[in-house]
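Here's a walk through a two-chain model, taken piece by piece. Keep the viewer open and follow along.

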Amino acid sequence: MNAREDSVSKPAAAPAARANQPEDVEHSLYEVRRKIYPRAVHGWFAGWRWALVWFTQLVFYGTPWLTWNDRQAVLFDLTARKFYIFGLVFWPQDIIYLTVLLVLSALSLFLFTAVAGRLWCGYACPQTVYTEIFLWIERKIEGDRNAQQKLDASPLSARKFALKSTKHAAWIAVALWTGFTFVGYFTPIRYLGTEVITSTLGPWETFWILFYGFATYGNAGWMREQVCKYMCPYARFQSAMFDKDTLVITYDAQRGEPRGSRSKKVDPRAKGLGDCVDCGVCVQVCPTGIDIRKGLQYECIGCAACVDGCNQIMDRMGYSRGLIRYTTQNGLERQLAPKQIWARVLRPRVLIYTAILLALAITAATMLALRIPLKVDVIRDRGALAREVEDGYIENTYRLQIMNTAEQTRRFEIAVHGIDTIALATPPTLELAGATTRAAVVRVRVAPGKAQPGSNRMEFVVRALDDESIKVNERAIFMVPR
Amino acid sequence: MADFVNDVVSLYIAIITIVSIVACGVLLWAMSSMRTSGTSVETTGHAWDENLAEFNNPLPRWWLWLFWITIAFSFVYLALYPGLGSFKGVLGWSQAAQYDEEMKQADATVGPIFQKYAAMPVEQVAGDPAARAIGERLFLNYCASCHGSDARGAKGFPNLADADSLYGNTPEAIKTSIADGRSGVMPPLGAAIGNDDNILDVAHYVLSLSQSNHEPARADRGKEKFALCAACHGADGKGNPQLGAPNLTDKVWLYGSGADAIVTAIKQGRNNRMPAHKDFLGDAKVHMLAAYVWSLSRNP
């Protein structure tokens, strides 16, 4: 309570001192975003990021245009509840593969993060990739960091208006194409293209193209680092996956401090200076606007732009590279050589992640390879358990939900086993078109006295007539009245 | 509106809702800025447990706008849609109306298919494989829970796949059964026939009609009393499809065969009902189902 009384009594206690104290001022408790103008950077890591931009975007924009068996190669048909991925067709019953895919993704994230921090964030995350594309467009139109800052500070002029509107038009074009491509994964993209041209888009197609386009434009053009800082949960729990041997982008303070500007000809040791020339390039290139020299921060997305930036300066100064570099906490504290640092990558955590990841990937691949394009569900009739037919035979009725998950038409044969004299009383074969389902009603008979009163185990075997390997065994119950 | 006992409750809820939203806005406004004498805000001014203070780590300003947008959204939503007490909203949206709208759209899609078949006579529809597939799916959905997936029925639920039919195996009779339902009543006749022995005699006579296992002596005695049954089942026991009275000369038994089942029927009567489906399914689906059911006894 003391603290509260203090705070209450403070203004009242010093009426005399008020004269030379500033007036009470209204402060906003919310922070206005200050635009960050990341400077263009070239180098080894920037090259990698661009390679990944090309790779991910060629895959994203290109895939919907591929065809396979006279249909779109990758198509998520939500209305028909079927996902086509090249030769595979996934039905809602295959949700396990989606689960496995998500588990694999999560485990990969853990593995990569344990080895080298936020690799995903820095190189492959759509937020980074699209921001990189949008930044490139911005630089092509408005110029680099200094030119952009100058333009933003200048009053509105015809030139400024022209530049800004060109930039936004280019951004919107990319964003709309992205939205169109995204929806093209759910509606066949060639058909969608025709719909756009003839303006016959459905309301939901229009909505999702605009929504996804707006999200691209807003996130990559306007929000940028705000997404990583205030929306993405990953930034907040990454530290749980870091350890002292995780490679992170670090400023070597021992080597760099005390920092200070100096001429290229001066020997820094004589002046009592470290290697950091305090040029500020590492801050200028940072897309999240932080100073890496203050140590690892949650805002750092691990893009290594500061590494490339600093290396350029070190080259120019004639110092050795790597004042800012990928290294580990142990590496810095114990002055480990790069070889020793790399040797520590193979530590239990990494090995366990790798082992689980590999085991799961192999299991999933095996499951996929052995997948049978036929599913059968046996549903017993509930209204009547059993009935007596000619010559005292007992008859049960079942509904077999047969799903032909392949894309070609097939004939299937139904057989029953498990009880002496058990036989079908309905035609044993039926034909199903590709990717269709049919509820086949079958009657099964057993001769009198061959089965126990009550429930008896039996089995349905459904097999394709053209392919021995396509066969499903389903267990069921045959009821005999007491 | 049934959710509220009376208008006062509705008003009470509406006031609470509005006051809560306004309070959120007031709180947001009050907490968005602060007066201090310094150049910046160090802590929010609260101190707990003597010295535990909350530092000011400013939220991004666009969050503030998100908060305001949600508040504005809630007012717009409450004005357009039901949510404020019993106020129905300007748009007049309701779940029932949405359901009707979606059903209308579905009918517009599948309607023409049904219309095509509705214009054809039942016999012709029954011969169309596509119509048969539709009929089968409809049957599995609406009829199979009582009559079985294979339409062969169960005790008390007639077999639809045989040629025997209580009300006549004609397309019209089947259609009437589905559309308007049937009420099959056999009155209890035990007292009118006599004592238990007399009843058993009649039961054996009934069994003799279908050459089922019976005692000829009892059957002879029961023949005279059968006159009472003949009113509905006919003097020859062949039944009457006008009344739904079963044919007793065949071996089709709706409630099971044997003297016991017949004795029970005489003593207690039988009361059975097929519900009407006309309002629920509509004429077009009834037509399709009639064709499917009619086809069952022809191409098993």
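## A four-stranded sheet in chain A

Start at F412(A): its bridge partner in strand 15 of chain A is L430(A). That pair belongs to the antiparallel match between strand 13 (residues 410-417) and strand 15 of chain A, which runs over 4 bridges. Keep in mind that this is a predicted model.

Zoom out a little and you'll find 4 strands of chain A in an open, antiparallel sheet, ordered 15-13-17-18. Strand 15 (429-432) and strand 18 (471-480) of chain A are the edges, each pairing on one side only. On average, neighbouring strands in this sheet are turned by 30° against each other, if you ignore direction.

## Strand 12 and its partners

Strand 12 (residues 394-404) of chain A pairs with strand 10 (residues 374-380) of chain A, antiparallel and over 7 bridges. It also pairs with strand 16 (residues 436-446) of chain A, again in the antiparallel sense, this time over 11 bridges. R399(A) is a handy place to look: in strand 12 of chain A, R399(A) sits opposite I379(A), and R399(A) also stands opposite V441(A) in strand 16 of chain A.

Then there's strand 11 (residues 387-388) of chain A, which makes 2 antiparallel bridges with strand 12 of chain A. One of the pairs to pick out is E388(A) with its bridge partner I394(A) in strand 12 of chain A. The hairpin of strands 11 and 12 of chain A has 5 residues between the strands, and D391(A) in that hairpin takes a positive phi near 60°.

## Two helices worth a click

Helix 3 (residues 95-116) of chain A has 22 residues and reaches 32 Å from first C-alpha to last, close to the 32 Å expected at 1.5 Å a residue. Just after helix 3 of chain A comes G117(A), with a positive phi of about 65°.

Now jump to helix 17 (residues 338-343) of chain A, where I341(A) lies. Is I341(A) buried or exposed? I341(A) counts as partly exposed because 18 other C-beta atoms lie within 10 Å, while buried would take 20 or more. Leaving aside neighbours within four places in sequence, I341(A) is in contact with T327(A), T328(A), G331(A) and L336(A). L273(A), 68 residues away along the chain, has its C-alpha 27 Å from that of I341(A).

## Chain A as a whole

Chain A comes to 18 helices and 18 strands. Its C-alpha trace spans about 110 × 60 × 60 Å along the principal axes. The radius of gyration of chain A is 33 Å, whereas a compact globule of 482 residues would have one near 23 Å.

Of the 482 residues of chain A, 24% count as buried. Take the contacts in chain A between residues at least 6 apart in sequence, and 67% of them join residues at least 24 apart.

## Where the chains meet

In the interface, 30 residues of chain B are in contact with 27 residues of chain A. On the chain B side, at least two residues each come from strand 1 (33-36), strand 2 (43-48), strand 4 (59-60), helix 2 (61-80) and helix 6 (144-147). By class, that side of chain B has 14 nonpolar, 11 polar and 5 charged residues.

There's strand pairing across the chains too: strand 1 (residues 25-28) of chain A and strand 1 of chain B pair in the antiparallel sense over 4 bridges. To find that pairing in the viewer, look for V25(A), whose bridge partner in strand 1 of chain B is T36(B).

Key. Residues numbered from 1 in each chain as written. Chains lettered and ligands numbered in written order. Predicted model: local features only at pLDDT ≥ 70, side-chain atom pairs only at ≥ 80, totals over all residues. Contact = placed C-beta atoms within 7 Å. Nonpolar A, V, L, I, M, F, W, Y, C, P; charged D, E, K, R; others polar. Pairing = 2+ DSSP bridges. Axes fitted to C-alpha atoms, helices over the stretch in contact; angles between N-to-C directions. Expected span 1.5 Å × (residues − 1). Buried ≥ 20, exposed ≤ 12 C-beta atoms within 10 Å, placed from the backbone. Rg over C-alpha atoms; globule rule 2.2 N^0.38 Å.
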